[in-house]
Amino acid sequence: MAKNCLFVPPLPNTKFQLQRKNIKLRLELDTVRRQYRKNVYDKVIENFKRQCDEAKYDITPSYGKLKELIKSSTSDEVLEGCRVPEHKHSVQNKRIYCSSTDNIYDAVAARYGQCTGALGLRQTCAELAGYVAIPKWIKDVTEMHKADIATENEELKHYVQCYDHMFERAQKRLINLRQQYEESKQHLPPKRYPLLKEMVKTVIRDKKLMPDGFNDCASSE
């Protein structure tokens with residue numbers, strides 16, 4: 001005869017537990033953000049932008065230089081760096097709920113909408129500078145109410161997963177760029193050169209690859 005099992009629901013998190021989780025989530029987001037900036041945005045997107053800006057003042061645009069730029073930016077090493085890094089709330093972890101928003105740009109827009117005043121100005125300036133402005137966490141977690149900590153914890157997990165999706169998006173973009181590069185070889189240089197430039201611009205214009213400017217905003221205030 002089967003015994004009746006009494007279901008005991010898990011106890012709700014205490015404020016202290018939520019505070020500890022908040023600290024860990026802030027660190028996790030900062031780590032994933034730094035990895036994305038280093039391995040993806042700075043290494044590829046910013047490099048593309050810098051080379052394109054320099055080319056504007058080049059009297060004799062270098063077809064060979066553009067080819068090398070694309071090849072080096074789509075190498076196996078670079079693509080490997082675009083893999084989603086291992087961390088606790090990674091989208092690769094099947095036990096973790098994956099948020100529907102797949103990038104920081106849309107996540108911030110959905111969370112804060114069209115802000116006005118100082119925050120709205122900072123968001124506009126941030127976008128022009130090439131990053132997204134997430135309002136800085138000013139409060140020390142020990143000074144926050146329990147409900148606020150719980151809400152921020154979910155928001156932090158959401159941003160972490162956005163970065164995971166951005167890693168995946170960047171990798172797909174660069175794989176596609178490499179394929180397009182190979183396909184463009186059928187064209188002669190006069191026709192191929194503008195095609196290559198447009199391929200690079202497509203990657204640069206992708207707002208869903210923009211990182212947030214947490215450190216940039218923090219240092220300017």
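In this predicted model, helices α2 and α6 lie oblique to each other, because the angle at which they pack, about 140 degrees, falls outside the ranges that count as roughly parallel, roughly antiparallel or roughly perpendicular. The axes of α2 and α6 are 9 Å apart, and the crossing of these two helices is left-handed. On the side of α2 the contact is made by Lys67, Ile70, Lys71 and Ser73, and on the side of α6 by Leu174, Leu177 and Tyr181. Sorted by class, the residues of the contact between α2 and α6 comprise four nonpolar, one polar and two charged.

The chain in which this pair is set has eight helices and zero strands, and its elements, read from the N terminus on, follow the order α-α-α-α-α-α-α-α. Of its 221 residues, 38% count as buried. Among the contacts in the chain with a separation of 6 or more, 82% are accounted for by residues 24 or more positions apart.

Helix α1, which spans residues 15-56, packs with α2 and also with α6, and the two arrangements are described here in turn. With α2, which spans residues 63-73, the packing angle is about 175 degrees and the axes are 11 Å apart. Helices α1 and α2 are therefore roughly antiparallel to each other, since an angle over 145 degrees is counted in that way. The residues that make this contact are Val44, Asn47, Phe48, Gln51 and Glu54 of α1, together with Lys65, Leu69 and Ser73 of α2. By class, three of the residues in the contact of α1 with α2 are nonpolar, three are polar and two are charged.

With α6, by contrast, helix α1 packs at an angle of about 20 degrees, and the axes of the two helices are 9 Å apart. This angle makes α1 roughly parallel to α6, because it is under 35 degrees. The crossing of α1 and α6 is left-handed, and the residues of their contact divide into 19 nonpolar, four polar and nine charged.

The helices described above also contribute to the largest nonpolar core of the model, which holds 34 residues. Within this core, the members that touch the most other members are Tyr36, Phe48, Leu66, Ile70, Leu174 and Leu177. Two or more residues of the core are given by each of the elements α1, α2, α3 (76-81), α6 and α7 (189-204), and the largest share, 10 residues, comes from α6. Several of the core residues named here recur in the helix contacts: Phe48 takes part in the contact of α1 with α2, whereas Ile70, Leu174 and Leu177 take part in the contact of α2 with α6. The surroundings of Tyr36 can be given in further detail, since residues up to four places away in sequence are left aside in the list of those it touches, which consists of Tyr41, Tyr163, Met166, Phe167, Leu209 and Pro211.Individual positions outside this list add to the picture of how the helices are placed. Gln19, a residue of helix α1, is buried, with a relative accessible area of 13%, which means that it falls under the 20% limit. When residues up to four places away in sequence are not counted, Gln19 touches Val141, Thr142 and Ile149. Glu155, found in helix α6 (residues 146-183), likewise counts as buried, at 11% relative accessibility. The C-alpha atom of Glu155 is separated by 9.7 Å from that of Leu25, although these two residues are 130 residues apart along the chain.

Two threonine residues are partly exposed, and each is paired here with a residue distant from it in sequence. Thr14, placed in the segment before α1, has a relative accessible area of 38% and is partly exposed. The C-alpha atoms of Thr14 and Lys146 are separated by 8.2 Å, with their positions 132 residues apart along the chain. Thr202 has its place in helix α7 and counts as partly exposed at 33% relative accessibility. Thr202 and Leu177 are 25 residues apart in sequence, and the distance between them in space is 9.3 Å, C-alpha to C-alpha.

Terms used: Residues are numbered from 1 along each chain as its sequence is written. This is a predicted model: local features need pLDDT of at least 70, side-chain atom pairs count only at pLDDT 80 or more; totals for chains, interfaces and linings use all residues. Side-chain values use heavy atoms; hydrogens and water are left out. Helices (H or I, at least four residues) and strands (E, at least two) are DSSP runs, numbered from the N terminus. Buried means under 20% relative accessible area, exposed over 50%, partly exposed in between (1.4 Å probe, protein chains only). A nonpolar core is a set of buried Ala, Val, Leu, Ile, Met, Phe, Trp, Tyr and Cys residues joined through side-chain atoms within 4.5 Å. Contact means heavy atoms within 4.5 Å. Axes are lines fitted to C-alpha atoms, for helices over the stretch in contact, and angles run from 0 to 180 degrees between N-to-C directions. Angles under 35 degrees count as roughly parallel, over 145 as roughly antiparallel, 65 to 115 as roughly perpendicular and the rest as oblique. Ala, Val, Leu, Ile, Met, Phe, Trp, Tyr, Cys and Pro count as nonpolar, Asp, Glu, Lys and Arg as charged, and the others, Gly among them, as polar. A crossing is left-handed if the near helix is turned anticlockwise from the far one by less than a right angle, and right-handed if clockwise.
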